[in-house]
Amino acid sequence: MKNRIPEIKQITATETLSIRHKVMWPNMPIEYVKLPNDENARHFGLFISGEITSIISLFVENNEVQFRKFATLIEFQGLGYGTILLRNIIDLIKKEGIRKLWCNARVEKSKFYEKFNLKSTDKKFEKGGIEYVIMEKTFDNCTYI
């Protein structure tokens, strides 16, 4: 039996594209999931038995991190891998002294983010027929810079 212990590694922007495409926008061209500043971000993947199953991209500006394109392959959803990845990222940015974490959450997924103490703001928008809400979490005791 293969090792099912999750491993989280930093990856390249290119390595995120197939999962972004398959999970988020499968009916659009792959260019649709590329972000203009992908090369300036840090990207992480959660691997199971050497296979990348979940991804997240971090964009830092003014001591704040926006996470974008957080996705888990459909066949691995519901197994806790996305939760493991996001918890790991939250721990990482807290250690780095980041003041705030935020994301553009699909409204239908906002309950998932509430488990991580991200709070919905009053900022909402629509893209590609999907409703989004900006959710955020601030860190008070950031002593690392």
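Buried means under 20% relative accessible area. Keep that cut-off in mind as you walk through this predicted model, and begin by selecting β5, which is mostly covered, with five of its seven residues buried.

**Stop 1: the whole sheet**

From β5, widen your selection to every strand. You should see an open sheet of seven strands, in the order β1-β2-β3-β4-β5-β7-β6, with mixed pairing. The edges are β1 (7-11) and β6 (119-127), each of which pairs on one side only. On average, neighbouring strands of this sheet are turned by 25° against each other, direction ignored. As you look at the strands side by side, remember that strands of a sheet pair through backbone hydrogen bonds, either parallel or antiparallel. The next stops visit both kinds of pairing.

**Stop 2: two hairpins around β3**

Select β2 and β3 together. These strands run antiparallel and are joined by seven bridges. To find one of the bridges, click on I48: its partner in β3 is E51. The hairpin of β2 and β3 has two residues between the strands, and in it S49 takes a positive phi near 50°.

Now drop β2 and add β4. β3 and β4 pair in the antiparallel sense, over seven bridges. Here you can pick out S54, whose bridge partner in β4 is T72. This hairpin also has two residues between its strands, and N62 takes a positive phi near 55° in it.

How much of β3 is buried? Eight of its 11 residues are, so β3 is largely enclosed by the rest of the structure. For a close look at one residue of this strand, select T53, which is found in β3. With 0% relative accessibility, T53 counts as buried. Show what lies around T53 and you will find that it touches I19, L46, I48, A71, T72, L73 and F76, leaving out residues up to four places away in sequence.

**Stop 3: from β4 to β5 and on to β7**

Next, select β4 and β5. This pair runs parallel and is joined by three bridges. One place to see the pairing is V65, which stands opposite L101 in β5. Add α2 to the selection, and you have a right-handed β-α-β unit made of β4, α2 and β5.

While β4 is on screen, click on Q66, which lies in this strand. Is Q66 buried or exposed? At 12% relative accessibility, Q66 counts as buried. Setting aside neighbours within four places in sequence, Q66 is in contact with S57, L58, F59, W102, C103 and N104.

Then move to β5 and β7, which pair in the antiparallel sense over seven bridges. Two spots are worth a click: N104 stands opposite I134 in β7, and the bridge partner of A105 in β7 is V133.

**Stop 4: the helices**

Bring α1 into view. α1 lies across β1, β2, β3, β4 and β5, and it runs at about 110° to β3. Then turn to α2, which packs on the sheet and touches β1, β2, β3, β4, β5 and β7; its direction makes about 30° with that of β3.

You can check the length of α2 yourself. At 1.5 Å a residue, its 15 residues should span 21 Å, and the end C-alpha atoms are 21 Å apart, which agrees. To see which parts of α2 are covered, colour its buried residues: Y81, G82, T83, L85, L86, I89, I90 and I93. After α2 comes G97, whose phi is positive, near 80°.

**Stop 5: the nonpolar core**

For the last stop, turn on side chains. The largest nonpolar core has 38 residues, and those with the most contacts inside it are I56, L58, F67, L86, L101, Y113 and L118. Two or more residues each come from α1 (13-24), β2 (42-48), β3 (51-61), β4 (64-72), α2 (81-95), β5 (100-106) and β7 (130-138). Which element gives the largest share of this core? It is α2, with six residues.

Finish by selecting Y113. Not counting residues up to four places away in sequence, Y113 touches F67, F70, L86, A105, L118 and M135. Two of these contacts, L86 and A105, you have already met: L86 among the buried residues of α2, and A105 as the bridge partner of V133.

Technical notes
Residues are numbered from 1 along each chain as its sequence is written. This is a predicted model: local features need pLDDT of at least 70, side-chain atom pairs count only at pLDDT 80 or more; totals for chains, interfaces and linings use all residues. Side-chain values use heavy atoms; hydrogens and water are left out. A nonpolar core is a set of buried Ala, Val, Leu, Ile, Met, Phe, Trp, Tyr and Cys residues joined through side-chain atoms within 4.5 Å. Buried means under 20% relative accessible area, exposed over 50%, partly exposed in between (1.4 Å probe, protein chains only). Helices (H or I, at least four residues) and strands (E, at least two) are DSSP runs, numbered from the N terminus. Contact means heavy atoms within 4.5 Å. Two strands pair if DSSP finds at least two bridges between them. Axes are lines fitted to C-alpha atoms, for helices over the stretch in contact, and angles run from 0 to 180 degrees between N-to-C directions. The expected span of a helix is 1.5 Å times one less than its number of residues. A crossover is right-handed if, with the strands pointing away from the viewer, the path from the first strand over the helix to the second runs clockwise.
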